[in-house]
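Visitor: I would like a close look at a single part of this protein. Please take me through the open sheet and what lies around it.

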Amino acid sequence: MKLSSLLKSIAPTGLYGIRAELDGQIVDIKGAGPRAPRPMRYELSTDPEIGSVHYRAQDVKPGGLFIAIQGLEADGHDYIDEALARGASAIVTQKPVKRESIIIEVENSRKALAAISDRFYSNPSGKLTLIGITGTNGKTTIAFLVERILSEAGINVGVIGTLNYRYSGKTYKNPMTTPESLDLQKIMSEMLKSGITHVVMEVTSHAIDLDRVYNCRFDLGVFTNLTHDHLDYHGDMNSYWSCKKRMFTEILCSESGNGRILAVINHNDERGKELIRILEASIGKPSVLSTGFSSNNSIWPRSFKYDLTGINSIISTPVGTFEFKSPLVGQHNLENILCATGVGVALDLSLDSIKAGVEAVFAVPGRLEPIPNYMERFVYVDYAHTPDALENVLSALKSTAPGRIICVFGCGGDRDKAKRPQMGQIAGRLSDLTIITSDNPRTEPPMEIIDQILPGTQKATSHAFSPSDLITGFQKKGYSVEPDRKTAIQLAITTSRPCDTVLIAGKGNETYQIIGNNTISFDDRKEAKIALSKSRVKNFEFKTQNTSKSGTRNPIPWTTPEILEATGGELLCGDIKQSFSGISIDSRRIFADDLFVAIKGDDHDGHSFTGDVIRQGVCGLMINKNKADQPPGRECQKKGVVCVKVNDTTRALGDLAAFNRKRSNVSVVAITGSNGKTSTRKMTAGVVARCFDTLSTIGNLNNEIGLPLTLLNLNHNHKWAVVELGMNRPGEIKRLAEICSPDVGVITNIGPAHLEGLGSLDAVMQAKGELLEKIKPTGTAVLNADDPRLLQLANNTSRDVLLFGLSENAMVRARSKREKGLVLSFTLVLPAETISVDLKTPAEFMVSNALAAAAVGYRLGLTAREIKEGLEDFEPVQGRMNIHKTRKGINIIDDTYNSNPGSMTAAIKTLNSLKGNNRGVLVAGDMLELGDHAESMHRMIGSISARSNILRLYVTGQFAETVAAGARNEDMDSRDIFVGAKDEILESITGWLGPGDWILVKGSRGMRMEEIVEKLKDWADD
């Protein structure tokens, strides 16, 4: 290509060494003559044929064009002589140079390189559908998802990203996530020639700032999020954000074409919200597709659940809904899936293709990549190298991990130092054991990097282990330092136990480590496999289990005689020698060596799915006796499958759990109460886990099905289980307590909950008191000294009693309660020690829950310091006093997890405390399951609301008018009371709220009051 043709793509500021003519007028002469105008077309006196373009002098070929750019470590202008010596026909520079050659001077040689490269390779991006993905985290995973979605739609797709660039079955190493502009244009040109029509590109902030994607014609942009990273380069978060934003405001092709979708933006992210506002104003609302968890987004999940087996969700889009099951782990990956779905919708792909593409991505290299093993460990390698990414990954694991979490991580040298203590604190807070090591130290001494991580870790956990301490394992939360990354990985594996999760974070799929100026071969995945193979621990085969087991395998296998003994069942058919590795009630997630128990639930009967599990190769079923002569039983006999028949499969499931609890020899803490049992259970589990391997109820698995599923996870390594017992009818607590046979029983309080099934407070007391009857004779009842009915139970039980509360007669009590912002501090008083505790909640009633957990810790022999650390690790349950500070200055209290008169009263009290002299608002939904007491209890809440210092009351539901009447009876102005549907409340309240206001949203689970919270947050952050 002629030099004059290439110059059409740029606007030189000076031409030297040639004569140039524009419209018959000479515009430049040899030497440092006058600056040329900015023409688009030149007639050159010397117009060499340019056979190649280069930005590295060592690559220059005779007849090539060398473009000198300023690099991060070297300046191409220093190598112009080398380029000329190698035969360069011309030089492009942004600095004045004097050489006996053709010199083209430009304002910005990086932009010139991009523009010339684009023209040299015949504008490939303009002939492709180019999709750019930018943001701090999630780019690689979204690229994988989009690649597979496009492939499922029959589209020839190429990818340019962190891992590599790949197309047409070929994969090439990529020296950087977004290549230099010359390399980028060459890659796209090769893809185009190979028949590729769509290219997915990860776009980094460096690529934007260094003009690597200048002149790329993007058809669609995706924004994932913006979190702390690359501040060594950008300086501060505002500069980092300004750079990322340019992808959409400057680079993205803005010719909307009748509302064509140009951008897919993650609305869950604060910067994403801001970007949506900017783009809707500049390119129009139809051109922006928002994704997020709330229903006001274009793409959102109607429902979802996730654990270590993956994600199940139903996604709503503007063109319909689809349900999917993905092996990817964690809420952050659901966000990635939503963004990838947005790309599919923007490109008019079918929902079938989108679903198939999402489900086809089993793992992304180095992104929560599982390391298979036969040791019953869950080992993952992840690229998380930013605070937000590390928190996302650890939170995803912590919410579903069946055992302890061990995290190995370090921070890169010669990079952003501010994030080091942040990452240390996150790892210390969310892991049971943190092993701090090297990442890519580069030219920094590894121990200096570690010393900057440690202060953050020490804020979260105080106990330091030496590596030698860990040879025999660990019994409490803590951290250790091992600078050698290989040794650190080995240490994490060898100190782990069955059901533990080991996360090796920071390097992901990298196959090297940079130490000093040397790059050595190093792969976290290989090192983990080596460490696993060297371990001498013998365990059962590692497999992922169904949702009911939260991603673990039961390490105690079951024989058929044990199953018959546990349940009193009868063997209908099959080999009595058959054994099983687990118990499952979910036909969708079951292994061949599981026993499937067909449970009849409210919505589905498991007997309807027995044919499915038999076809999947499952070797054992348990069914109700009355089904023995029906298809389930007949098919088992025909296939030779083990089939056990019992009177009631639900009861048999509990019997299996009771049998497993007994043979595992684990001690149990069982927690019940009218209010606070979920928070108390979480706090108690955090305290007990300080010193013992602990299993805890996950989510709301606290009924006659949920409790057994929890206890079936018990193994010989567990020392304690902390379980929650729920109820809504007499006798239910008794049955649950029979199953778990508690050593310690905790009752938080007795209040007006579940009155529909129980009738009166005295009946509630008797029902909760059923727990005390089933505590082991040598066990302890932990009871609330501030509750008169529990004191009555304490006087009537033969079990040892340990009282907690604010009363002076409590052995474990609190004093000096005080608020510190959104933290509640108090002095914990134990019989022999006192210590200050800071709870991560502003709700004063949480102190009672903390005291219950502390009493259990004291009963188990923990020190005050260990109890304090366990309590301060507590993170409030979603929908339990979660405080949201919004952009408009409005403070939203999300307490939508559930509601009854006691918790509603406590929440109103907390609202009054938090708002201070500001305006307070209550948005209340019905309190369910109150039976004949519903009318009086709702009227009482109206009265309490009016007597409290709140300014307005918004009510919805069947008893909304009753609540309003109770408020009016206390002389609350009718103009300050609003009764209506949720949408009507939102319309009214958003026209009234202002900066500084505090708003509490609360109601029973069935009222779905979280819908109001999400819409309020979206409005208040807009």
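Guide: What follows is a walk from the sheet to its helix, then to the cores and two further spots. Keep in mind that this is a predicted model.

Start with the sheet. It is open and has 9 strands. Their order is 37-38-36-39-40-41-42-43-44, so read it slowly: the numbering does not simply climb. The pairing is mixed. Now find the two edges. They are strand 37 (694-696) and strand 44 (834-839), and each of them pairs on one side only. From one strand to the next, the twist averages 20°.

Zoom in on one pair. Strand 39 covers residues 744-747, and strand 40 covers residues 780-784. The two run parallel, joined by 4 bridges. Look for Ile747 here: Leu783 in strand 40 stands opposite.

Next, look at what lies across the sheet. Helix 21 (residues 677-688) lies across four strands: strand 36 (667-672), strand 37, strand 38 (720-724) and strand 44. Against strand 38, helix 21 runs at about 170°.

Now for the nonpolar cores. The largest one holds 67 residues. Within it, Phe826, Leu828 and Leu871 touch the most other members. Helix 27 (residues 846-859) gives the most to this core, with 9 residues. Take Leu871 as your landmark. Setting aside residues up to four places away in sequence, Leu871 touches Met683, Val687, Val837, Leu839, Ala850, Ala853 and Ala854. Another core, of 53 residues, lies apart from the largest one. Its members include Leu711, Leu736, Ile739 and Leu803.

One residue deserves its own stop. Arg429 is found in helix 13 (residues 419-430). Its relative accessible area is 16%, under the 20% cut-off, so Arg429 counts as buried. Which residues does Arg429 contact, leaving aside neighbours within four places in sequence? They are Glu391, Ala460, Lys477, Lys840, Asp873 and Glu875.

Finish with a pair of helices. Helix 29 spans residues 901-915, and helix 30 spans residues 934-947. Their axes come within 11 Å and cross at roughly 10°. Angles under 35 degrees count as roughly parallel, so helix 29 is roughly parallel to helix 30. Helix 29 makes the contact with Pro901, Met904, Thr905 and Ile908. Helix 30 brings Met937, Met940, Ile941, Ile944 and Ser945. By class, this contact has 7 nonpolar residues, 2 polar ones and no charged ones.

Conventions. Residues are numbered from 1 along each chain as its sequence is written. This is a predicted model: local features need pLDDT of at least 70, side-chain atom pairs count only at pLDDT 80 or more; totals for chains, interfaces and linings use all residues. Side-chain values use heavy atoms; hydrogens and water are left out. Two strands pair if DSSP finds at least two bridges between them. Axes are lines fitted to C-alpha atoms, for helices over the stretch in contact, and angles run from 0 to 180 degrees between N-to-C directions. Contact means heavy atoms within 4.5 Å. Buried means under 20% relative accessible area, exposed over 50%, partly exposed in between (1.4 Å probe, protein chains only). A nonpolar core is a set of buried Ala, Val, Leu, Ile, Met, Phe, Trp, Tyr and Cys residues joined through side-chain atoms within 4.5 Å. Angles under 35 degrees count as roughly parallel, over 145 as roughly antiparallel, 65 to 115 as roughly perpendicular and the rest as oblique. Ala, Val, Leu, Ile, Met, Phe, Trp, Tyr, Cys and Pro count as nonpolar, Asp, Glu, Lys and Arg as charged, and the others, Gly among them, as polar.
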